[in-house]
Amino acid sequence: MTTEPVPEFPAPMKRFFDAELESFRSNLILMGETAASQVRSAIKALVESNTSLADQVIAADDEIDQLEIKIDEEAMRYMNLRAPVASELRLVIVGMKASHDLERVGDEATSIAKRAVRLSAELPLKPYVDIPRMANIALEMLRDALDCFLNGDTEKALAVCRRDAEVDSINKQLYRELTSFMIEKPGTISRAIELMFISKSLERIADHATNIAEEMIYLAKGRDVRHTDEVKKNGGVG
Amino acid sequence: MVTASTLMETRSPAPNLRPTLPAAEAGRPAAPAAPAGQILIDIDHVDFFYGASQALHDINLKVEDKKVTAFIGPSGCGKSTLLRCLNRMNDLIDGTRVARGSIKIRGIDIHRRDVDVIELRKRVGMVFQKSNPFPKSIYENITYGLRLQGVSNKARLDEIVEKSLRGAALWDEVKDRLHASGLGLSGGQQQRLCIARAIAVEPEVILMDEPCSALDPIATAKVEELIHELKTRFTIVIVTHNMQQAARCSDKTAFFYMGRLIEYADTQTIFMNPGNPQTEAYVSGRFG
């Protein structure tokens, strides 16, 4: 490598296909916002026994599915015709993976909404405290992971990965609690099972947020941090 | 109604064009330009020979208006021969002939007896692999063809020079040295000068025979950007060995092998899901 001072490098040239990449990014952001909104509404529908809101969530799932298809199409087209390399290639690959995670988030929201409809016909088993708390954490994780996509803040993304354990812990606690309910009062079994599945859905949403955060770290830094101590321990991404 | 005048009449006022129309058709209004997606060039069952050697076999291909069509294929597959057929450049080579079939532009057979070849080449301009500016100033390179057509008004020439150089994305780089030699420009600039020269006479079609093969990636990117700009005004047919370039720049792609058209489809189809295993082998670099 040269030790001589390098003359100023020209700014990157604008290409006619830049708009395609912008559209791809926008659709991913839209998909993230839609998925988060679906989760929020599904939990609201559960807590408020609002079946019409739950029905809206179920009906809106197709929007997310269509976005996933669109993002995949755009990614395939871009890879096929534009031969992206370096950060552009990472963006397209990461975008496809993240969109798959977001589609699964949408599915979990739909699942919660369906259970909310069934639970609305019965008396609440207990006041909803832990489930909204889990939902808030999972949604914050999702938001922070997507923030990393917008501004490349890998520290935030790393924090998302480490926060996953928090949601896992509440899920386990809820599992134990609901099991006790079922043992003590068999009449609560059907409701308790619905709540266990809802808790599991939220735990899965947090997992998807974690996946997205790891993908965004790869996008920003080009390093794969999956299944490494780095996402478990404290410390920055180098 | 499509008449010979469609092919021969200029879209902008260009005085002193040689009258080339059959008398009965002169004076008829020119047919409106075909909207994008319509067929501009219809290549119908064309067999082409260099002497006794057949270079093209039964080529059927329709080039859409205001689109970029790429011809790809290994050396000797006939893609450049077909390109040169489109403005009858092959006529300049002894012993060549279209033995069968026809090539129609806006419905007019370009081999028809009353078609003026010079006029045809004005309507169907060409840019070559190696940039070939005249050993004249940048300004004269652009105005040479126009002067031959009899355009002498200085203001008009100035206007066309600026418009053409802007159209070729070269104006900002050369506006202060229009009277310097065209040969003093870089390779990429020379190629864009040749494109400016081609568009100065307002053709309908621009044929490009490997226009970037001698250029570095930056100059190539500039020419590709230019191709994207130009397709709003012109129909472009490009021969290229650079598969990524065909993928990036073109709307339709035709794959040739041994003088045969193997596959012709939307570029995305050719590069994503080609219908023919030979096309797939070629575009994926597993050919031969």
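**Chain B's sheet and its contact with chain A**

Let's start with a pairing in chain B. Strand E1, residues 39-50, runs antiparallel to strand E4, residues 96-105, and 8 bridges join the two. Keep in mind that this is a predicted model.

Two residue pairs help you find this ladder on screen. Ile41(B) stands opposite Ile105(B) in E4(B). Then look at Tyr50(B): facing it in E4(B) is Thr96(B).

Now turn to E1's pairing with E2. Strand E2 of chain B covers residues 53-64. E1 and E2 are antiparallel too, again over 8 bridges. Go back to Ile41(B). In E2(B), the residue opposite Ile41(B) is Val63(B). So far, then, Ile41(B) has Val63(B) opposite it in E2(B) and Ile105(B) opposite it in E4(B).

How are E1(B) and E2(B) connected? They form a hairpin, with 2 residues between the strands. Gly51(B) sits in that turn, and its phi is positive, about 60°.

Next, the whole sheet. It is open, it has 4 strands, and the pairing is antiparallel. The order in chain B is E2-E1-E4-E5. Which strands stand at the edges? E2 and E5 of chain B, where E5 is residues 108-109. Each has a single partner strand, so one side of each has no neighbour in the sheet.

Last, the contact between the chains. Chain A gives 9 residues and chain B gives 10. What is on chain A's side? The residues there that touch chain B are 5 nonpolar, 1 polar and 3 charged.

That's the tour. Questions, please.

Definitions and conventions: Residues numbered from 1 in each chain as written. Chains lettered and ligands numbered in written order. Predicted model: local features only at pLDDT ≥ 70, side-chain atom pairs only at ≥ 80, totals over all residues. Pairing = 2+ DSSP bridges. Contact = placed C-beta atoms within 7 Å. Nonpolar A, V, L, I, M, F, W, Y, C, P; charged D, E, K, R; others polar.
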